[in-house]
Amino acid sequence: MELKLYNTLSKTKELFVPIDKEDIRLYVCGPTVYDLAHIGNARPVIVFDLLYRILNNIFGKDNVTYIRNITDVDDKINNRAYAEYPNIFINDAINKITAGVIKSFHEDIFSLGCLNPDFEPKATENISEMQEIILALIKSKNAYVSENHVLFDVTSYKNYGKLTNRTLKEMISGSRIEVATYKRHPLDFVLWKPSSEIEPGWMSPWGYGRPGWHLECSAMSTKYFGSHFDIHGGGIDLIFPHHENEISQSCCFHKNDKMANFFIHNGILNIEGKKMSKSLGNILKIKELLNKWPSEVIRFNMLRTHYRQPIDWTETSLKESWLILNKWYDVTEDQKIFDENNIPYEFIESLCDDLNSPLAISKLHEFYKEGNYDDLRLCGNFLGLLKIGKKDWKNWIPSASNIDVNQIEMLITEREEARKNKDFAQSDKIRDNLIAKGIKLNDNKDKTTWEVL
RNA sequence: GGCCACGUGGCGGAGUGGUUACGCAUGGCUCUGCAAAAGCCCUUAUUCCGGUUCGAUUCCGGACGUGGCCUCCA
């Protein structure tokens with residue numbers, strides 16, 4: 001099976017050819033762990049989980065290595081640490097913050113059905129690796145020391161701006177930031193910066209300080225993957241400066257012309273047509289969504305839009321996602337076990353065309369229509385859907401609700417009696433009372449089921 | 001200002017140089033104590049203006065519109 005992927009480097013869809021088909025290397029930029037993950041954070045996690053599943057399917061799980069790092073050096077983390085633990089050493093305060101956020105992040109994405117990466121390195125655990133790169137870059141004159149900072153000299157790398165598709169001149173013309181005095185060129189970026197006594201830091205040849213953001217991915221990808229790997233992924237907003245700067249550092253350090261063969265970026269996510277932002281107060285946490293919807297609704301809703309398109313995250317589309325899954329769950333048979341290697345060609349083929357999940361999902365609709373429920377379930381499972389079992393799906397209730405399942409069952413039985421006795425006034429009264437509580441009854445041929453509105 | 005992406009029916013959302021997937025909603029029918037659910041069936045679309053072509057929604061150019069990046073936001 002041929003896999004085609006859109007490569008930001010070339011701005012075209014390219015055939016994916018692994019560097020070594022027995023050692024395929026996928027590196028994805030993970031979260032900065034300053035606060036509970038929001039639904040925008042979930043997008044790359046779900047998208048690259050899908051890519052990981054496809055790579056596993058084509059090349060074999062043992063031949064694919066997936067790394068998703070954790071950024072735990074960041075001023076937003078520092079600010080929380082000062083505020084919440086003012087009386088303890090800053091590095092310890094930070095650990096308390098990040099440990100909690102990481103735990104929560106793991107819970108969230110486990111709920112969303114994402115496979116674990118093989119490695120999940122943290123910036124704080126790779127400080128010496130980053131320092132090694134800095135030393136080498138200073139030696140090779142790609143970096144310089146200035147006012148206790150170490151900066152990367154963007155003019156020293158001829159391909160700077162290639163990923164972003166902009167020249168240095170074009171970037172400066174659009175620049176709105178004030179240029180720090182210690183920079184030779186306005187776009188030079190920090191590899192190491194000094195920390196005050198109250199800021200987190202590590203000892204280094206350039207004094208007590210901390211690394212710049214971009215450096216961690218160069219250090220961690222080098223550590224696990226060496227100088228050159230297959231795919232580097234992340235959100236589209238990471239193209240500049242993050243990935244551009246990573247490429248500069250890594251290529252100068254390794255004396256390479258490529259860091260990764262493919263750069264893949266997912267589109268942004270809006271909430272009800274608006275960008276998520278603190279000022280609008282519309283930052284939607286994954287946990288909030290998990291309280292309101294079965295987790296597969298969230299995952300399915302994400303996959304219904306192609307990963308490179310912007311996605312508008314709305315209540316309406318969540319409802320529609322729920323409706324479709326509910327329809328599919330009606331025909332699943334939990335006991336059946338499938339051969340995972342027997343996935344229909346047309347389904348995988350859709351996914352192999354640059355992860356065209358909407359087209360792949362249309363195949364599921366066709367399977368449903370044809371009554372081919374085995375392939376529906378098999379392909380659904382591949383996408384991480386239709387996995388929880390019919391009973392769990394049907395009995396799922398929002399965690400915030402005060403719905404009493406036993407009471408509902410009792411009322412249903414009571415209503416059945418009334419209906420048998422043709423006491424429709426009574427039976428309708430029971431149904432209306434439940435509707436008022438947000439529970440809808442459906443009288444199927446054999447029995448009555450209920451669902452939460 | 002620079003760079004980039006996008007513009008498809010009531011809504012969501014794919015593909016394609018020649019009958020415009022798929023879903024949701026709407027409408028009709030079947031079933032049903034009623035309602036719902038379920039099943040069946042049907043209708044509606046490629047922003048505009050040029051060009052290339054026998055033929056363009058698809059390729060090229062332009063206009064208009066929307067959005068992203070140029071700030072350590074995924």
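**Figure 1. A salt bridge between D35 and R80 in the predicted model.** In this predicted model, the side chains of D35 and R80 meet in a salt bridge, with a nitrogen-to-oxygen distance of 3.9 Å. D35 belongs to the loop between β3 (24–28) and α1 (39–59), whereas R80 belongs to helix α2 (residues 75–84), so the pair ties together parts that are 45 residues apart in sequence. D35 is partly exposed, with a relative accessible area of 31%. R80 is also partly exposed, and its relative accessible area is 26%. The structure holds 24 salt bridges.

**Figure 2. A salt bridge between helices α8 and α10.** The side chains of K292 and E315 form a salt bridge at 3.2 Å, N to O. K292 is located in helix α8 (residues 286–292) and E315 in helix α10 (residues 315–330), so this pair ties together parts that are 23 residues apart in sequence. Both partners are partly exposed: the relative accessible area is 48% for K292 and 38% for E315.

**Figure 3. A salt bridge within helix α15, and a network of shared partners.** The side chains of E416 and R419 meet in a salt bridge of 3.4 Å, N to O. Both residues lie in helix α15 (residues 405–420), where they are 3 residues apart, or about one turn of the helix. E416 is partly exposed, with a relative accessible area of 27%, and R419 is partly exposed at 30%. Elsewhere, salt bridges that share partners join D35, R80, E84 and K285 into one network. In general, side chains of opposite charge can pair when their charged atoms come close.

**Figure 4. A negative surface patch.** The residues E346, E349, E366 and E370 form a negative patch on the surface. The elements that give two or more residues to this patch are α11 (345–352) and α12 (357–370). One of the patch residues, E349, is found in helix α11. E349 is partly exposed, and its relative accessible area is 41%.

**Figure 5. Helix α13 and its surroundings.** Of the 10 residues of helix α13 (residues 373–382), 8 are buried, so the helix is largely enclosed by the rest of the structure. The buried residues are D375, L376, R377, L378, C379, G380, N381 and F382. These buried residues of α13 pack against four helices, namely α1, α10, α11 and α12. Two of these neighbours, α11 and α12, are also the elements that give two or more residues to the negative patch. Helix α13 is followed by G384, which has a positive phi near 85°.

**Figure 6. The surroundings of P121.** P121 is placed in the loop between α3 (90–111) and α4 (127–139). With a relative accessibility of 3%, P121 counts as buried, because the cut-off for a buried residue is under 20% relative accessible area. When its neighbours within four places in sequence are left aside, P121 is in contact with I67, R68, N69, I70, N126, M220 and Y224. The C-alpha atom of P121 is separated by 27 Å from that of I298, a residue 177 places away along the chain.

Technical notes. Residues are numbered from 1 along each chain as its sequence is written. Chains are lettered from A and ligands numbered from 1 in the order in which they are written. This is a predicted model: local features need pLDDT of at least 70, side-chain atom pairs count only at pLDDT 80 or more; totals for chains, interfaces and linings use all residues. Side-chain values use heavy atoms; hydrogens and water are left out. Patches are made of residues with over 30% relative accessible area and no salt bridge: like charges are joined within 9 Å, nonpolar side chains (Val, Leu, Ile, Met, Phe, Trp, Tyr) within 5 Å. Accessible areas come from the Shrake-Rupley method with a 1.4 Å probe; for residues, only the protein chains shown count as cover. A salt bridge is a side-chain nitrogen of Lys or Arg within 4 Å of a carboxyl oxygen of Asp or Glu. Lys and Arg count as positive and Asp and Glu as negative; His and the chain ends are not counted. The place of a charge is taken as NZ of Lys, CZ of Arg, CG of Asp or CD of Glu. Buried means under 20% relative accessible area, exposed over 50%, partly exposed in between (1.4 Å probe, protein chains only). Contact means heavy atoms within 4.5 Å.
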